Amino acid sequence: MLVAMSGGVDSSVAALMVIKQGYSPVGITMKLYDNEQAGMKETKTCCSVRDVDDARAVAVRLGFPYYVVNFKEGFKEKVIDKFVSTYLDGATPNPCIDCNRYMKFGALKERAEEYGCEKIVTGHYARVEFNEELGEYCLLKSVDASKDQTYVLYFLNQQQLAYLYLPLGDMTKDRARELAAEAGLINADKQDSQDICFVPDGNYARVIEEVLDRHIGEGNFVDKEGKVLGKNKGYYHYTIGQRKGLGISAAEPLYVTEIIPETNTVVLGSNDELFTNEVTAADWNLINSCDASKSEMRVTAKIRYRAKEASGILIREEGTDRVKVHFDEPVRAVTRGQSLVAYDGERVVGGGIII
């Protein structure tokens, strides 16, 4: 089994579970980009030197082979360039989903075949189970609801689910740390990473400008009637629903309600203007064929990773890759570029990009 290792506790415990279940893991860390590709002048990598050292230390401790492999080809085009172009289009991307989609479950599969590994193992908190009645694999939520990561895996198809093993889906994060400590793993108490790997300082605009090698400059903040309220730093500095960092004084709190890249304009409005009942997504991936004949179905859905699920009706647009969800109650700050992911109970129905 090929274990994708980030140097964190989750992927390390995934490798430990492979061994406990009588299998032989091969550990791999993906080198995804050069600093220059992400517009970074400092010495930073996708997985820092410490992360690589931690992953290697775990492999030595548990006694299995470990490799750091160059996966830079394709990462800039499919992840970094898409990240930049999405922001320039006035939307807000989720590059972690693209990395999972194109690198971890794309390019990594080819390397698994080269090593003779029948399964790819990751430390994601989700479950894959074969449903005898459906005759298909299902992607199911983690038993630890607070750590569930099915939102970032909605793109998986039956072929990918068939070779994917997610040993952490049946445990809590606390239990994973306990197992790591019991095994004497160096990263048992290591803090979880919170940032996008190629934006370690959280400054998305810096990455955009350095990749482009240009600065777009200031634009206007306006209200919904077009009245100028002040100057923005450049529309790609903002996202829908943002309140902090606007630098605008007003009698009532103001939020970003619309981004207009063509004129470098950011529209501000009240919190009430952020709510809508309808969300449309494209590039829809349907995981199970049992849903293919349903033009409408009742689901719960999320409009971003940290959002709560909300109930509604999913409607598939015939002859297209688009769906709409009509939510029972309005949802807040729907953002182009983020993903809409739908569930039937604990089973992931599918997902797509909000347009």
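So, strand S8, residues 219–222, pairs with S9 in the antiparallel sense, and the pairing runs over four bridges. If you want one pair to look for, take phenylalanine 221: its bridge partner in S9 is glycine 230. Keep in mind, please, that this is a predicted model.

Let's zoom out to the sheet around those strands. It's an open sheet of four strands, the order is S9-S8-S11-S10, and the pairing is mixed. Which strands stand at the edges? That would be S9, at 228–232, and S10, at 255–260; each has a single partner strand, so one side of each is left without a neighbour in the sheet. And if you ignore direction, neighbouring strands here are turned by 30° against each other on average.

Okay, on to the helices, and I'll stay with H3 for a bit. H3 covers residues 75–88, and H4 covers 95–114. Their axes come within 10 Å and cross at roughly 165°. An angle over 145 degrees counts as roughly antiparallel, so that's what we call H3 and H4. The crossing is right-handed, by the way. Who makes the contact? On the H3 side you'll find Phe75, Lys78, Val79, Lys82 and Phe83, and on the H4 side Pro95, Asp98, Cys99, Tyr102 and Met103. Sort those by class and you get seven nonpolar, three charged and no polar residues.

Now, H3 has another packing partner, helix H7, residues 204–212. Here the axes are 10 Å apart and the angle is about 105°, which makes H3 roughly perpendicular to H7. From H3, the residues involved are Ile80, Asp81, Phe83, Val84, Tyr87 and Leu88, and they meet Tyr204, Val207, Ile208, Val211 and Leu212 of H7. What does that contact look like by class? Ten nonpolar residues, one charged, and no polar ones. Have a look at Phe83 on your screens: that residue turns up in the contact with H4 and also in the one with H7.

Last topic, charges. Side chains of opposite charge can pair when their charged atoms come close. How many salt bridges does a search of the whole structure find? The answer is 26. I'll show you one of them: arginine 50 with aspartate 54, where the closest N and O atoms are 3.4 Å apart. Both residues sit in helix H2, which spans 49–62, and they're four residues apart, about one turn of the helix.

Methods. Residues numbered from 1 in each chain as written. Predicted model: local features only at pLDDT ≥ 70, side-chain atom pairs only at ≥ 80, totals over all residues. Heavy atoms only, no water. Axes fitted to C-alpha atoms, helices over the stretch in contact; angles between N-to-C directions. Helix = DSSP H or I, 4+ residues; strand = E, 2+ residues; numbered from the N terminus. Parallel < 35°, antiparallel > 145°, perpendicular 65-115°, else oblique. Left-handed = near helix turned anticlockwise from the far one by under 90°. Contact = heavy atoms within 4.5 Å. Nonpolar A, V, L, I, M, F, W, Y, C, P; charged D, E, K, R; others polar. Pairing = 2+ DSSP bridges. Salt bridge = Lys/Arg side-chain N within 4 Å of Asp/Glu carboxyl O.
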